[in-house]
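Thanks, everyone, for making time this morning. I would like to walk you through a structure that most of you will not have met before, so please have the view open while I talk.

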Amino acid sequence: MKYRKKILVIDDEKDVLTYLSTFFADNDFAVVCAENGREGLKRAISDSPDVITLDISMPEESGVKLLRELQSGESTRKIPVIVITGVSSDLKRFLDNRNQIHSPEGYFEKPVDRDLLLTKVKEILKAAKK
Amino acid sequence: MSESSTNPEQWDDGYEILFNSVPCYVTVIDRDFRIVRANDAFHDSFGYAPNIHCYEVYKHRDTKCRGCPAEKTFGDSKIHRSNQVGVGKKGQKIYYTVRTSALKDVRRNLTHVIEISNDVTPLRKLEERVRQAERLGAVGQTVAGLAHSIKNILMGLEGGKYIVSLGLEKNNKEMINQGWEMLERNFDKTTSLVKDFLSFSKGRLPRLEIVDPGKLVMEIVDLYKEVASRSSIELAPEIDDGVRSAPLDPSGIHTCLTNLVSNALDACLASDKKGTKVTIRVKEKKGVLIFQVEDNGSGIDYEIKKKIFTTFFTTKGGGGTGLGLLTTRKIIEEHGGTISVVSQSGKGARFEMHFPRKRLLELYRQSTRNSKGQPANSK
């Protein structure tokens, strides 16, 4: 049986979760969803996804904090993260310039171009294979 | 002290040097409000002004100023203080704080008043710059928040469209329905966002009427009782006997209570508990009219409590616009009131709106005065 790559989608917007999970599932990914940062971290540890898409602006725990936790966690630090956000493009500069955070592997602003997102995910997975 | 030294018009050189070296405006005014002496600092900023009325020089006006501190000092011999805006010799605005003090002759007759003023123009300009920066900051924050909400709605619409197309392609009715619901939900969100944003951005004075606060509470209970009962949530009004009628904007308070009750119902729905309850209470304490909306739902944790009154903050994901509590706070503040929240995660929440009656009455008097001054057909 063919192994399907696993993607974890973290977003507090239920419609965004539905959209991205349907899209990735239709493109032959195994999809795991989380509606907030805390659940996202748990899922990242328990499900060991191959890639994570992360919303930055979430009410309970900010995506920036989660990104830092993912990048410092023993079992999660190697999982590539694609940030998908509705906040301004200044955030990319902010993430790129923080000492405590490595730049994420991908950065997209909502509404995302899903074909570009898929290309980015494939690129990341291909690079991880090497 | 000799007679001549107490007469400001006959000061000797020693006093003159001292008078002119003081780093603030000093003028001496007689009972006709004419400037009989002015120091160099005053001349430099306001121009030379012998025997001219102080109001002509300070303010370029023909009549005495209202609440003139010098007039008060002539009346009671006491020191008076006030903040004023004058016009300098180049036509520039000068902000100054003035203190007036009685100047008496040897027979203890109050003949003149001395005015000592400090120029606070640079400070005022700085304050204005800070206010301007705050205003711009608020505009920036609002625009950024609006953009964030719109981007999420667009993503929801895009998602709905995609899922409907996929459903059609795969002939999957369930998928078509799911996508269609997403489209509907995000269209509704656009309407709510526009409505809430317009209501938030509307800067207006509350339209105060004498209303029964208990009646307002009952209106809200009537509005929500069916929704609450469908979700097995008890909705209970508690109206204290001592609550009297008060000047309130009924439509504004209605908006505040609906926002708070709808949040409380959502918090009950989000909780796993059985026997959830929302209480809308109105009471009176030490001249303050208090509305409370209390629930035993999911509660609010510390991190969220810090942000709930900020623009576009929502915990409801797709369900909220993030403007409800902000609009509520704005309406309450327009009534001269305050809002606070007591809550713990998992233990429910209590929102309180406090309206000091004294302030409500002042606003009511002000609004009736204004409406009397308006032409009959004005709105």
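Let me begin with chain A, whose elements, read along the sequence, follow the pattern β-α-β-α-β-α-β-α-β-α. That chain holds 5 helices and 5 strands, and please keep in mind throughout that what we are looking at is a predicted model. Chain A has 130 residues, of which 51% count as buried. If we take the contacts in chain A between residues at least 6 apart in sequence, 65% of them join residues at least 24 apart. The accessible surface of chain A comes to about 6,600 Å², and carbon and sulfur atoms account for 47% of that area.

Now to chain B, and to its helix α5, which spans residues 69-76. Which residues of this helix are buried? They are B:Pro69, B:Ala70, B:Thr73 and B:Phe74, and because they cover an arc of only 145° around the axis, they lie on the same side of α5(B). What covers these buried residues includes four strands of chain B, namely β1 (25-30), β3 (80-87), β4 and β5 (110-119). Just after α5(B) comes B:Ser77, which takes a positive phi of about 65°.

Let me turn to empty space inside the model. How many cavities of 30 Å³ or more does the structure hold? The count is 1, and the largest cavity has a volume of about 120 Å³. Its lining includes B:Pro69, the residue we have just met among the buried ones of α5(B), together with others such as B:Cys54, B:Tyr58, B:Gln84 and B:Glu115. The elements that give two or more residues to this lining are α4 (54-59) and β4 (93-104) of chain B, and the largest share, 4 residues, comes from α4(B). Sorted by character, the residues of the lining divide into 8 nonpolar, 1 polar and 3 charged.

One last stop, also in chain B, is B:Asp40, which sits in helix α3, residues 40-46. Is B:Asp40 buried or exposed? Its relative accessible area is 39%, so B:Asp40 counts as partly exposed, given that buried means under 20% and exposed over 50%. B:Asp40 and B:Asn20 are 20 residues apart in sequence, while their C-alpha atoms are 5.3 Å apart in space.

That is where I will stop, and I am happy to go back to any of these views.

Technical notes. Residues numbered from 1 in each chain as written. Chains lettered and ligands numbered in written order. Predicted model: local features only at pLDDT ≥ 70, side-chain atom pairs only at ≥ 80, totals over all residues. Heavy atoms only, no water. 1 Å grid on protein atoms, 1.4 Å probe; cavity = no way out; pocket = protein on both sides within 12 Å on 5 of 7 lines; lining within 4 Å. Points joined across faces, edges and corners; volume = space filled by probe spheres on them. Nonpolar A, V, L, I, M, F, W, Y, C, P; charged D, E, K, R; others polar. Buried < 20%, exposed > 50% of the residue type's maximum accessible area, 1.4 Å probe, protein only. Arc of directions from axis to C-beta. Contact = heavy atoms within 4.5 Å. Areas by Shrake-Rupley, 256 points an atom, 1.4 Å probe, with all protein chains shown as cover.
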